[in-house]
Amino acid sequence: MTTRKVRVRFAPSPTGPLHIGGVRTALFNYLFAKKHGGDFILRIEDTDSTRFVKGAEEYINESMEWLGMTIDEGVKQGGDYGPYKQSERREIYKKYADQLVATDWAYYAFDTPEELDALRAQAEAEKKTFAYDMHTRKGLKNSLSLSENEVKQRMEAGEPWVIRFKMPENTEVKTNDMVRGSVTFNTNTLDDKVLYKSADQLPTYHLANIVDDHMMDISHVIRGEEWLPSVPLHIMLYRALNWEDTMPQFAHLPLILKPTGKGKLSKRDGDKGGFPVFPLNWQLEDGIAAGYRESGYFPEAVVNLLALLGWNPGTEQELFSMDELIQLFSIERVNKSGARFDPDKARWFNQQHLVRKSNEELAELFQAELKERGHERENGYVSEVVGLIKERVNFVSELWEQCSFFFEAPVEYDAKVVKKRWKGDVPAFMTELMPVLEQLDTWQADVIKAAIAEQIEAKELGFGLVMNAFRLALVGGGFGPDLMTIAEMIGKEETIQRLKAAVENIG
RNA sequence: GGUCCCUUCGUCUAGUGGUUAGGACGCAAGGUUUUCAUCCUUGAAACAGGAGUUCGAUUCUCCUAGGGACUGCCA
């Protein structure tokens, strides 16, 4: 086998936001390309003029950029194999569509969508299935059944037509899929797919992808399992075009399934399950579809969790950087069966990546929210705070609720904690504690602790009871990092102030 | 319905012709943190079923069942 340069493409159609199944396909293509020192190409498959959605192409680019998948060739990046947008390659497809008709691998068909719908409906009523195929094509309106003259007349009259592939009879088509192994089909069960439509002068996906993959010298086609059934058509197309010797190798990825219930993950599952299905937010007519970015996920966490949906390196390592993934990725280790998406584990991945980030980096991310809340604090202080609490959160957005007391006094006190901890001699003790703290010259955690301990001993009170009440006063609840550290960080005046406020306001 | 694909704990998965079938998420219990979270320990939890091959199948083969995808002038 000659060594061919690895060139793979991610080929989404700009019909809306990219969904994470598509993102994972892109990721596996990217990992495969980089692993083998190859090229990662982004091709826009906009051959359905009726489904074009404004902004979708930009969304795709932005998503790839956010996730750190660098595109080597594409509409924005350029490259030697352009154009990378199918709607700009019309003449190319037309040429090959014509060639297929000329070589008797395809034919013109004039049946309207309405007529075909009617045939399908009729067949269904009889509990049968209608297919435009080798068994029915003779009875339909096409250049195989109509006279040459009539075909000419219809075309000259401007009647819309399509070009359909003339699927040969009884031919075994075998493919050696990189993830599934050998898969065999028989052409007898295949239909005559539309290859080209006169209405918008564009090919359908099938023709376009074969022509482009060939012309762009794509070495491997890595795509979702939903494409497996069209593999025989694609192979026949390569054969018909005489390109079979340079046909790319196929790899069909398992689907990502819904967290619960049946079927593949769909755009709606996110709302129902409370997790994002898209990389970035997407504006809908009636609201927004949540994106991972806006939901607080780190791109590296998304990449990590997606990589492990259907692939694993065979070791017990679960946390990876993009570079490690590139290093370790191998298409042979991709699973065959569909993987259910687990929102809980997705959060866990984010938490793991969050904990691994430096306090400084997290502090910087957190500063935006702090400013919004009116707190201008230097990075050093914020970093220290973040370091104390980062292990309690999954997202940067959860930081505030865990550490607001480092920035402002509690405005209310957790009723449950009040009931449990703020009773008996406690309020009186707190009042007596204030002057003691006031007298401290050194405001450090251990010093404060010693002073309080001494006081507790003198009064013969329970350590736990007092400390929890003290926490309630400083924090407003029964949570947070080490209490003495909190006291030290907010300072002597503030600590006494909060004690005072608690005594006055609770009860 | 037809074609094709798939099947190990609830979920993501490792794994082998002979293993106490391993890990992770989640769940439960205990410990640490004088509290919460983290963390640590422990626990419950799986080879879809049936034949066959074999001294021996979770592993190989076949069948059944279940699940999935496709079945558009969508991609």
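This is a short tour of a predicted model, stop by stop, with something to select at each one.

**Stop 1: the domains.** Start by colouring chain A in four pieces: domain 1 (89-253), domain 2 (269-355), domain 3 (357-395) and domain 4 (415-505). Now keep domain 1 and domain 2 on screen and drop a centroid on the C-alpha atoms of each; the two centres are 35 Å apart.

**Stop 2: where domain 1 meets domain 2.** Show the contacts between these two: seven residues on the domain 1 side touch four on the domain 2 side. Put together, domain 1 and domain 2 bury about 490 Å², and carbon and sulfur atoms give 65% of that area. Next, select Met-178, Val-179 and Arg-180, which supply 72% of what domain 1 buries against domain 2, more than any other three residues. If you go looking for salt bridges between domain 1 and domain 2, you'll find zero. Polar contact there comes down to one residue pair, counting pairs with both residues at pLDDT 80 or more. The domain 1 side that touches domain 2 is made of five nonpolar and two charged residues, with no polar ones.

**Stop 3: around the RNA.** Bring up RNA strand B and the protein residues within 4 Å of it. You should get 58 residues, and the ones that come nearest are Arg-180, Glu-318, Arg-392, Phe-463 and Gly-478. Flip the view to the RNA side: of the strand B atoms within 4 Å of the protein, 71% belong to sugar and phosphate. Colour the protein surface near RNA strand B by class and it splits into 23 charged, 19 nonpolar and 16 polar residues.

Which helix gives the most to this surface near RNA strand B? Select helix 18 (463-475): this helix contributes four residues. Several other elements supply at least two residues each, among them helix 4 (113-125), strand 6 (181-186) and helix 11 (343-356).

Three atom pairs are worth a zoom:

- Arg-164: a polar side-chain atom sits 3.2 Å from a phosphate oxygen of RNA strand B.
- Lys-264: here a polar backbone atom is 3.4 Å from a phosphate oxygen of RNA strand B.
- Gly-478: a backbone N or O atom lies 2.3 Å from a base oxygen of RNA strand B.

**Stop 4: a salt bridge.** The count of salt bridges comes to 34. Pick the one between the side chains of Lys-166 and Asp-104, with N to O at 3.1 Å. Lys-166 is in the loop between strand 4 and strand 5 (172-177), while Asp-104 is in the loop between helix 3 (90-102) and strand 3 (106-109), so this pair ties together parts that are 62 residues apart in sequence.

**Stop 5: backbone oddities.** Most peptide bonds are trans, and most residues other than glycine have a negative phi. With that in mind, centre on Gly-82 and Pro-83, which are joined by a cis peptide bond with omega about -5°. To place Pro-83, look in the loop between helix 2 (56-67) and helix 3.

Last, jump to Lys-127. What is its phi, positive or negative? Lys-127 is not a glycine, yet its phi is positive, about 60°. You'll find Lys-127 in the loop between helix 4 and helix 5 (148-156).

Key: Residues are numbered from 1 along each chain as its sequence is written. Chains are lettered from A and ligands numbered from 1 in the order in which they are written. This is a predicted model: local features need pLDDT of at least 70, side-chain atom pairs count only at pLDDT 80 or more; totals for chains, interfaces and linings use all residues. Side-chain values use heavy atoms; hydrogens and water are left out. Domain bounds come from an automatic or database domain assignment. Contact means heavy atoms within 4.5 Å. Buried area is the accessible area (1.4 Å probe) that two parts lose on being put together, summed over both. A salt bridge is a side-chain nitrogen of Lys or Arg within 4 Å of a carboxyl oxygen of Asp or Glu. A polar contact is a pair of N or O atoms within 3.5 Å; within protein, one must be able to donate a hydrogen and the other to accept it, and residues adjacent in sequence count only if both atoms are side-chain atoms. Ala, Val, Leu, Ile, Met, Phe, Trp, Tyr, Cys and Pro count as nonpolar, Asp, Glu, Lys and Arg as charged, and the others, Gly among them, as polar.
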